[in-house]
Structures are given as structure tokens and as C-alpha cells.
Amino acid sequence: STLLGRTKVVMMSNINNIKEKTTLEYNLAQINEFIDNSNTNKLDSFVKNLHNADIAEIIQNLDDESRLKFILKIKNYFDPEILTYLNESIRDEIIEQLDIKQLASNASALDVDDAVDVIEDLEESDKEVFLDNISESERKLIKEGLNYPEDSAGRLMQREFVSIDLDWNVGDAIDFLRKNKDDLPEDFYEIYLLNKSKKISGIVPLGRLMGSKRSTPLETIKNKITRTINVLTDQEEVAFQFNKYAMVSAPVINNNEEVIGSITVDDVVDVIEEEREEDILKLGGVGQADIYDAVIDTTKSRFSWLLVNLLTAVIASIVIGFFQASIEKVVALAVLMPIVASMGGNAGTQTLTVSVRALAMKELTTSNAFKIIAKETLVGGINGIIFAIIIGLLSSYWFEDYLLGIVIAMAMIINLLIAGMAGILIPITLNKFKVDPALASGVILTTITDVFGFLSFLG
């Protein structure tokens, strides 16, 4: 029954993947058909029933010619929120085809945080046009949002939130919400309690409010701890707090401890995805998601990283050059030496990946650093011994030289020990010097494992 249950789960997962794929293919087929037949009415009707994220997905998967035709047909009712779901390169291309005045008039229903996300990538002249064609109140809020540092809580927060008097009871709060229903945010999960100084003094979850008697004082049902986020807090720290404390929303305060906005979990999900993608790309030596960039732009962005890798490869080659005479005498060395360096690089990368993640999740700190370093070095040593036995026996049999087997076995142990230690020490050191470990750790690790791998074996 357990096997059947697992099989059912796998089958359902595959069916869902097929459905998702079919939905995108169906949408693309429909859009292309409407464009080819110039059926504007059906196109408009079809697009207006789609979620903005689906429209963005369609735009990114259309070919260049169809994409241009599609944008020109929907430009008059193009929802600016679509831009927030698009890749940056595609977004710039789309904005060039849109009327900025029309885009601004379509942005009236956009949340301030999404409006800031849209406008921050516009050219300065387009920013002015956009701001001149929205209401004074929205313009003021967007300008304030743009003044906050990029990747800060101020850029993430929504300006709409619900705050009421700390001295009220549940009945007062419910009556207030009903009376002001037209002025409430579209989505909110908590109510912020303000004291007489207008500073936040508590948070009441909406579910707890609705489940309490009308006579219950709000102060008695507020959260035990009031967690707030300063407006200048980095978005990565915001995401960390949401994950750590399982928060669905949080009030954003200024330096005077006044509530000026709210961050909800949907905003944080975007941050988590953005930070995860950024770390993966940096570990691969790619600065941005350049799949939609032009060939020349992608080449330029990757060239500098490849140049650094070339320089480190030259260092490893110089080490090999010191032992050129030995390699000429014993050809087996040339056959076996890549094994030591490769195993060291792979083992070090395993440790490095775990270390970078631990630093990002704040699991690796000064208090437990020594313990983790010792553990990873020990793991490298144990794996080194195991693989030393395997490669030692294999080399002895292959080249009929037991001394060569002993040499490569010793080199394997040394390099995997170094790889384990380097894989943890490099990101810790870089982090201490305020250098992003995800960006620089890989190339340093590769250099160390290659150099010490060749030195330990050939030496």
C-alpha cells in the first residue's frame, strides 16, 4: 500500500506538470492564432481572462515578431503589473513599445510597492512622464518609495495597512472595519494596535479577532511579541525574519518607531526566489539571468568571470610545469593527476555549497564556526581515506606499480583534507571581509584544490 501510495503521488505530480505545460502551449497557440487571423476581439477577450503572471509567461515565450505584434494589440489596456513578472531584459524591450502616459493611467489599481518596482527601471524621461500622469497622492508615495535604498524594506512595503486604538475591544474593531470597508487594503492579515503616542504597541491576527467575543479587549488577544521591521532593513534580512518566525505580514516602522507600511508574505516569496536565483547564478559565475539578453551582452557579462578562471588555470599549469621532467619519465603521472585535482574540487564544492547556504540562513556563526570547520575537515579526511584505498588499488593494478598506488593514495587524502577545510574557511573569510561568498568562493576553491592536488601528487 505504501508503494502504491508513493506511485500515486508521483503520477499526480507528472499529471500536474503535463497540465502546466499544456496550459502554456494552449495559451501560446491561441494567441498566435488570434494574431495571425487579426481577430482583435477574441484576443482581447482571451487576454482579459488571464492572470498577469500568465500574460508575462506568454510574452517571454513568444518569438520576437509575434511578441511585438501582441504588445501592439494590447498596449491600450496593458496592465503595468505584468512588467513585475517579466525578466529584466524582456521588460526593457516591452516598455519601449508602450505609451508611458497610457501605462501610467492603467496603473491606478497598482499597489505602491509594485508601482515602485515598475518605475525604478524606467529611463529618467519616462519616469517624469509616468509620475506626471498619476494622482498627486500616488506620486508622493511612489517618490518616497524610490528614495529608500534598493533591496530595502522600504521598497517592498505596501503603504496601506489597518491600525486602530490599543484601548478598543473586539466589537469596536469589527465595527470600524465594517464602516471603513471601502478604504481597507485589498489583502491584510493583521491589525496594528497604536498607543496614545501613535506608536505600535501590539499586533492582532485577523483570525483571532474574528474568533473572539465583542467585549474582549484587543490588548488581551494581541501577539505575545510585537515584531517590526525597520524601513531600511535589507530585503534578505526581511526574508530571513519571515522564515524564522513564520510570519505572514509585518509592520514597517521608521526611525521614530511610527508605522509607515506593511510587508506581506507574497512580497517576501518574491525576495526569497530572487535571492536564491542570485546565489545560484553567482556560484556559476553568471551575474544575472541572461537567457533573454542579446548574444553580445551575454558574452560581455560572462567574459570577465572566464578571464579570472583562465588566470587561475594558468597558476595550476605553472605548478605542473615544475614537474615536467618527472611527467616525461613517468607517463602514468599525466594519466592520474587529473583524478586527484578533480576529486578535491568536487569535495570542496560540496562543502562550499553547504557553507554558503549556512551563512545565508545564519546557521553558521562565530560561536559554532570552529566545530563546523573541524567537522568538514574530518569528513574530507574520511572520504580521502576511502577513495585513497580505491584509487590506490586501481592504480597499482593498472600500472603494475604499488609505489605509484601509494603515492596517489596519499595525495588523495591530503587534497580531500584541504578541500574540506578550504570549502568552509573560504566563505567564512570572505563573509568576514564583507565580500559575497557566493560570488568569489568558487574560483578560489578551484585554484586551491588544483594547486594542492598537483603539488601533493607530483611532488
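Q: How far apart are the mean positions of the positive and negative charges of the chain?
A: The model is a predicted one. Its chain carries 42 positive and 68 negative charges. Taking the mean position of each set, the separation comes to 7 Å.

Q: What radius of gyration does the chain have, set against that of a compact globule?
A: The C-alpha atoms fill a box of roughly 90 × 65 × 60 Å along the principal axes. For a compact globule of 459 residues, a radius of gyration near 23 Å would be expected. The chain instead has 29 Å.

Q: What percentage of the residues of the chain count as buried?
A: The chain exposes about 26,100 Å², and carbon and sulfur atoms supply 56% of that area. A residue counts as buried when its relative accessible area is under 20%. Of the 459 residues, the share that meets this is 41%.

Q: Which strand pairs with strand 5, and in which sense, parallel or antiparallel?
A: The chain has 21 helices and six strands. Strand 5 covers residues 249-253, and Ile-253 stands opposite Val-259 in strand 6. Five bridges join the two strands. The partner is therefore strand 6, as two strands pair if at least two bridges are found between them, and the sense is antiparallel.

Q: Which residue in the turn between strand 5 and strand 6 has a positive phi?
A: The two strands form a hairpin, with five residues between them. In that turn, a positive phi of about 65° belongs to Glu-257.

Q: How many residues of strand 6 are buried?
A: Strand 6 runs over residues 259-264. The strand is mostly covered. Of its six residues, the number buried is five.

Q: Is Asn-415 buried or exposed?
A: Asn-415 lies in helix 20, which spans residues 402-432. Leaving out residues up to four places away in sequence, Asn-415 touches Val-340, Ala-341, Gly-344, Thr-449, Phe-452 and Gly-453. The relative accessible area of Asn-415 is 0%, so this residue is buried.

Q: Is Thr-220 buried or exposed?
A: Thr-220 is found in the loop between helix 13 (206-210) and strand 4 (229-230). The cut-off for an exposed residue is over 50% relative accessible area. Thr-220 has 56%, and therefore it is exposed.

Q: What distance separates the C-alpha atoms of Thr-220 and Ser-355?
A: Along the chain, Thr-220 and Ser-355 are 135 residues apart. In space, their C-alpha atoms are separated by 43 Å.

Q: Among contacts between residues at least 6 apart in sequence, what percentage join residues at least 24 apart?
A: A contact here means heavy atoms within 4.5 Å. Among the contacts between residues at least 6 apart, the share joining residues at least 24 apart is 66%.

Terms used
Residues numbered from 1 in each chain as written. Predicted model: local features only at pLDDT ≥ 70, side-chain atom pairs only at ≥ 80, totals over all residues. Heavy atoms only, no water. Buried < 20%, exposed > 50% of the residue type's maximum accessible area, 1.4 Å probe, protein only. Helix = DSSP H or I, 4+ residues; strand = E, 2+ residues; numbered from the N terminus. Rg over C-alpha atoms; globule rule 2.2 N^0.38 Å. Areas by Shrake-Rupley, 256 points an atom, 1.4 Å probe, with all protein chains shown as cover. Lys, Arg positive; Asp, Glu negative; His and termini not counted. Charge placed at Lys NZ, Arg CZ, Asp CG, Glu CD.
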